[in-house]
Amino acid sequence: MNEQIVILDFGSQYTQVIARRVRECRVYSTILPFHTPAAKIDALAPSGLILSGGPSSVYEPEAPLPDPAIFNLDIPILGICYGVQLLGHFLGGKVEPGQKREYGKGTLTVCDPACVLFRKLPTQLQVWNSHGDKLTRLPKGFRPVATSDNAPFAAIEHRARKFFGLQFHPEVAHTPRGKEILSNFVHEVCGCGRDWTMRHYVDQAVEEIRARVGKEHVILGLSGGVDSSVAAALIHKAIGSQLTAIFVNNGLLRAREPEVVREVFGRNFHVKLQYEDATRLFLSRLKGVVEPEKKRKIIGRTFIEVFEAATKRAGKARFLAQGTLYPDVIESVPIAGNPAALIKSHHNVGGLPKRMKFELVEPLRCLFKDEVRQLGKELGLPDEIVWRQPFPGPGLAVRCLGEVTAEKLKVLRRADAIVVEEMKACGLYYKTWQTFAVLLPVRSVGVQGDERTYDWTLAIRAVESQDGMTADWVKLPYDLLEKISLRITNEVKGLNRVVFDLTSKPPGTIEWE
């Protein structure tokens, strides 16, 4: 990677958003902890440095502070929110608590349109603020270029040193022209080109995989999800028959998933695919189990057991490939009040026992989810895989409330397929974070064909989310809900009632178990 922007993370919940916005400018970005030594940053030869926001105050005794030598690296620097206060704190200015706080939408007035950050932008902009402290005295050589209602130094610059500071957050969607401000910093100030593309990444990743693997063999656990599927396609492009993908059918998959995986990777991509049907084993171990966490643990342990045995049958291999993404490997910044630290607990970068002596190959570890989807399209994977909605590791087991049986899974699988079919037919499936069916352990009386029935109840769940941490229920059209309900009660034996889940997260979770 010839050009990159380094982002120092001071605990902001928006740090990853900054990185994504830079990449949307087609420039590679790297997130590093705030205490990263200046020498390590310099070794990366970045074109510019961004100091993120954060929950702390620069004048507090325990405030997270960077290596002061970063200000002598002779590269452009952009400080955002807490970052602009760091510029003031280290370079001779003054930061104090504001008499009024600025949270939410605000109006920025640009008083110097010649400032490169605001090139080709209007002199009044809607921005998003989230700060209580503010600069009250500028460091030597800095000048104000924009103001807001409560911040006379809402944007500042030291033109000669190419140092800039923004008290607001240009990276969030609530600052509509923020991406253009960041683009001006990345392209106009730092002089970066627009070379970070998926086509470029494919060529680079293929070279890196070949260099790391050599003539050795690689094993990959293929789930059929986006991450493992894209990793499989990319590694196969690099080393061909040196890759063996192991697909474990745990009997808890959705309709046609085993067939789709075998068709796409086995017949179309000609990947060496080892299919392990462990349906009976998983269901036998889940017999009589109703507690959700116990289900998850049984499924996790059984998967490891099956996968470990499968790797031995696959033959000698030195490497294990994983679909680890960039959010999984970014070092969490343990700062009090930092929401990002909580988000990290959801990520999992391992999961296999240490006794499995493999070296890791993680070709997606510098990509975000949306970039992985772009990569999948570049590699020729079908939309059915690339745009697949998130699916829980324990599969349908956590959507089949109570005991999991083959009979209940058959009912749930067919009903879920109808939900997906109708969502795709009306063009909403790929616009929604998750849409799925949940089989409830509730029977009710119904009337079907002039006869009394006493059958199961199905819940439909549709949510919109950015990262799965919070979610809002989706207001699906009534005619769509009616069609889904009619099809399910007419076509799926064992169901006579359909309900719609109106719960957001919080207070509920996305999955029911």
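Start by selecting Gly92, just after helix H3: the glycine takes a positive phi of about 105°. Before moving on, keep in mind that the model on your screen is a predicted one.

**Helix H3 and a lone cysteine**

Now step back from Gly92 and colour H3 itself, residues 82–91. Is this helix enclosed or open to the outside? With 7 of its 10 residues buried, H3 is largely enclosed by the rest of the structure. To see the buried set, select Tyr82, Gly83, Val84, Gln85, Leu86, Leu87 and Gly88.

Next, pick the cysteines. Searching the whole structure turns up 0 disulfides. For Cys81, which is in no disulfide, the nearest cysteine sulfur belongs to Cys115 and is 18 Å away. Cys81 counts as buried, because its relative accessibility is 4%. Cys366 is likewise in no disulfide; there the nearest cysteine sulfur is that of Cys192, 16 Å away. Cys366 has 12% relative accessibility and so counts as buried.

**Strand S1 and its partner**

Go to strand S1, residues 4–9, where 6 of 6 residues are buried. In a regular strand, side chains alternate between the two faces of the sheet. Show side chains here to follow the pattern: Gln4, Val6 and Leu8 point one way, while Ile5, Ile7 and Asp9 point the other way, and all are buried. Add strand S2, residues 28–33, which pairs with S1 in the parallel sense over 6 bridges. A handy landmark on this pairing is Asp9, which stands opposite Pro33 in S2.

**A loop residue with positive phi**

Centre on Lys120, in the loop between strand S5 (94–110) and strand S6 (124–137). Most residues other than glycine have a negative phi. Lys120 has a positive phi, near 65°, though it is not a glycine. Is Lys120 buried or exposed? At a relative accessible area of 79%, Lys120 is exposed.

**Helices H4, H5 and H6**

Select Ser183 in helix H4, residues 178–189. Its relative accessibility is 18%, so Ser183 counts as buried. Leaving out residues up to four places away in sequence, Ser183 touches Cys25, Glu188 and Arg194.

Then display helix H5 (residues 198–213) together with helix H6 (residues 226–239): their axes come within 9 Å and cross at roughly 65°. The crossing of H5 past H6 is right-handed. On the H5 side, show Arg199, Tyr201, Val202, Ala205, Val206, Ile209, Arg210 and Val213; on the H6 side they meet Leu234, Ile235, Lys237, Ala238 and Ile239. Sorted by class, this contact has 10 nonpolar residues, no polar ones and 3 charged ones.

**The open parallel sheet**

Switch to the cartoon view for an open sheet of 5 strands with parallel pairing, in the order S12-S11-S10-S13-S14. Which strands stand at the edges? They are S12 (272–277) and S14 (359–361); each has a single partner strand, so one side of each is left without a neighbour in the sheet. From one strand to the next, the twist averages 30°.

Zoom in on S11, residues 243–249, which pairs with S12 in the parallel sense over 6 bridges. One pair to label is Val248 and its bridge partner in S12, Glu276.

From S11, follow the chain into the loop leading to helix H7 (257–268), where you will find Arg256. Like the lysine at an earlier stop, Arg256 is a residue other than glycine with a positive phi, here near 70°. With a relative accessible area of 45%, Arg256 is partly exposed.

**Helix H9**

Pick out Arg301 in helix H9, residues 292–313. Arg301 counts as exposed, because its relative accessibility is 54%. Try a distance label from Arg301 to Val404: these residues lie 103 apart along the chain, and their C-alpha atoms are separated by 17 Å.

**A hairpin and two cis bonds**

Select strands S15 (residues 434–448) and S16 (residues 451–464), an antiparallel pair joined by 13 bridges. Together they form a hairpin with 2 residues between the strands, and Gly449 in the turn has a positive phi of about 65°. Along the pair, Ser444 stands opposite Asp455 in S16.

Finish in the segment after strand S18 (495–500), where Pro506 is found. Most peptide bonds are trans. The bond joining Lys505 and Pro506 is cis, with omega about -10°. The peptide bond from Pro506 to Pro507 is cis too, with omega near 15°.

Note on methods: Residues numbered from 1 in each chain as written. Predicted model: local features only at pLDDT ≥ 70, side-chain atom pairs only at ≥ 80, totals over all residues. Heavy atoms only, no water. Disulfide = S-S within 2.5 Å. Buried < 20%, exposed > 50% of the residue type's maximum accessible area, 1.4 Å probe, protein only. Pairing = 2+ DSSP bridges. Helix = DSSP H or I, 4+ residues; strand = E, 2+ residues; numbered from the N terminus. Axes fitted to C-alpha atoms, helices over the stretch in contact; angles between N-to-C directions. Left-handed = near helix turned anticlockwise from the far one by under 90°. Contact = heavy atoms within 4.5 Å. Nonpolar A, V, L, I, M, F, W, Y, C, P; charged D, E, K, R; others polar.
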